[in-house]
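Me: I would like to learn how to read a protein model feature by feature. Please start with the overall layout and work down to single residues.

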Amino acid sequence: KTSLNMNKASKNILLIGIGNPLRGDDGLGAYICEQMEALGVPGLQTMAVQQLTPDLLEEMLRADHIVI
């Protein structure tokens, strides 16, 4: 069993969901971001994108942890 343990060491987590919701199961990344956002986990930031692009790098560098 895995749990999301937010302690002092985990200050800023960036969750990047990749996919296109208009293409059925390809929208899973956006769905997961939406569900995680609804939990209101402190320090969790979500981004739903259709693809990884260089302009995301700045936001990624600000995060302590990144989940793609």
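The dialogue below goes from the fold to the sheet, then to single residues and salt bridges.

Me: What kind of model is this, and how many helices and strands does the protein have?

Reply: This is a predicted model. The protein has two helices and three strands. Read from the N terminus, the elements follow the pattern β-α-β-α-β.

Me: How much of the protein is buried, and what supplies its exposed area?

Reply: Of the 68 residues, 29% count as buried. The protein exposes about 5,200 Å², and carbon and sulfur atoms supply 54% of that area.

Me: What share of the contacts joins residues at least 24 apart in sequence?

Reply: The share is taken among contacts between residues at least 6 apart in sequence, and 63% of these join residues at least 24 apart.

Me: How do I read the sheet, and in what order do the strands lie?

Reply: Strands of a sheet pair through backbone hydrogen bonds, either parallel or antiparallel. Here the three strands form an open sheet in the order β2-β1-β3, and the pairing is parallel. β2 (44-49) and β3 are at the edges with a single partner strand each, so one side of each has no neighbour in the sheet. On average, neighbouring strands are turned by 20° against each other, direction ignored.

Me: Which bridges hold β1 to its partners?

Reply: Strand β1, residues 13-18, is joined to β3 by three bridges, and the two run parallel. Six bridges join β1 to β2, again in parallel. For the register, take one residue pair on each side: L14 stands opposite I66 in β3, and I13 stands opposite L44 in β2.

Me: What packs on this sheet?

Reply: Helix α1, residues 28-39, packs on the sheet and touches β1 and β2. The direction of α1 makes about 145° with that of β1.

Me: Why is β1 described as largely enclosed?

Reply: Five of the six residues of β1 are buried, so this strand is largely enclosed by the rest of the structure.

Me: Is a strand residue such as A48 buried or exposed?

Reply: In a regular strand the side chains alternate between the two faces of the sheet. As for the case here, A48 is found in strand β2. A48 counts as exposed because its relative accessibility is 52%, and the cut-off for exposed is over 50%. Leaving out residues up to four places away in sequence, A48 touches G17, A30 and C33. A48 and Y31 are 17 residues apart in sequence, with their C-alpha atoms 8.4 Å apart.

Me: Now a loop residue: is N20 buried or exposed, and what does N20 touch?

Reply: N20 lies in the loop between β1 and α1. N20 is buried, because its relative accessible area is 15%, and buried means under 20%. Apart from residues up to four places away in sequence, N20 touches D26, G27 and Q50.

Me: Which residues form the nonpolar patch on the surface?

Reply: The patch consists of I18, L52, I66 and I68, which together have about 340 Å² of accessible area. One of them, I68, is in the segment after β3 (65-67). At 57% relative accessibility, I68 counts as exposed.

Me: How many salt bridges does the structure hold, and where is R62 involved?

Reply: The structure holds two salt bridges. In one, the side chains of R62 and E58 meet at 2.7 Å, N to O. R62 and E58 are four residues apart in helix α2 (residues 57-62), which means that about one helical turn separates them. The other joins E59 and R62, with the closest N and O atoms 2.9 Å apart. E59 and R62 are three residues apart in helix α2, again a separation of about one helical turn. Salt bridges that share partners thus join E58, E59 and R62 into one network.

Me: Which accessibility class does each residue of this network fall into?

Reply: R62 is partly exposed, with a relative accessible area of 48%. E58 counts as exposed at 53% relative accessibility, while E59 counts as partly exposed at 22%.

Notes
Residues are numbered from 1 along each chain as its sequence is written. This is a predicted model: local features need pLDDT of at least 70, side-chain atom pairs count only at pLDDT 80 or more; totals for chains, interfaces and linings use all residues. Side-chain values use heavy atoms; hydrogens and water are left out. Buried means under 20% relative accessible area, exposed over 50%, partly exposed in between (1.4 Å probe, protein chains only). Contact means heavy atoms within 4.5 Å. Accessible areas come from the Shrake-Rupley method with a 1.4 Å probe; for residues, only the protein chains shown count as cover. Patches are made of residues with over 30% relative accessible area and no salt bridge: like charges are joined within 9 Å, nonpolar side chains (Val, Leu, Ile, Met, Phe, Trp, Tyr) within 5 Å. A salt bridge is a side-chain nitrogen of Lys or Arg within 4 Å of a carboxyl oxygen of Asp or Glu. Two strands pair if DSSP finds at least two bridges between them. Axes are lines fitted to C-alpha atoms, for helices over the stretch in contact, and angles run from 0 to 180 degrees between N-to-C directions.
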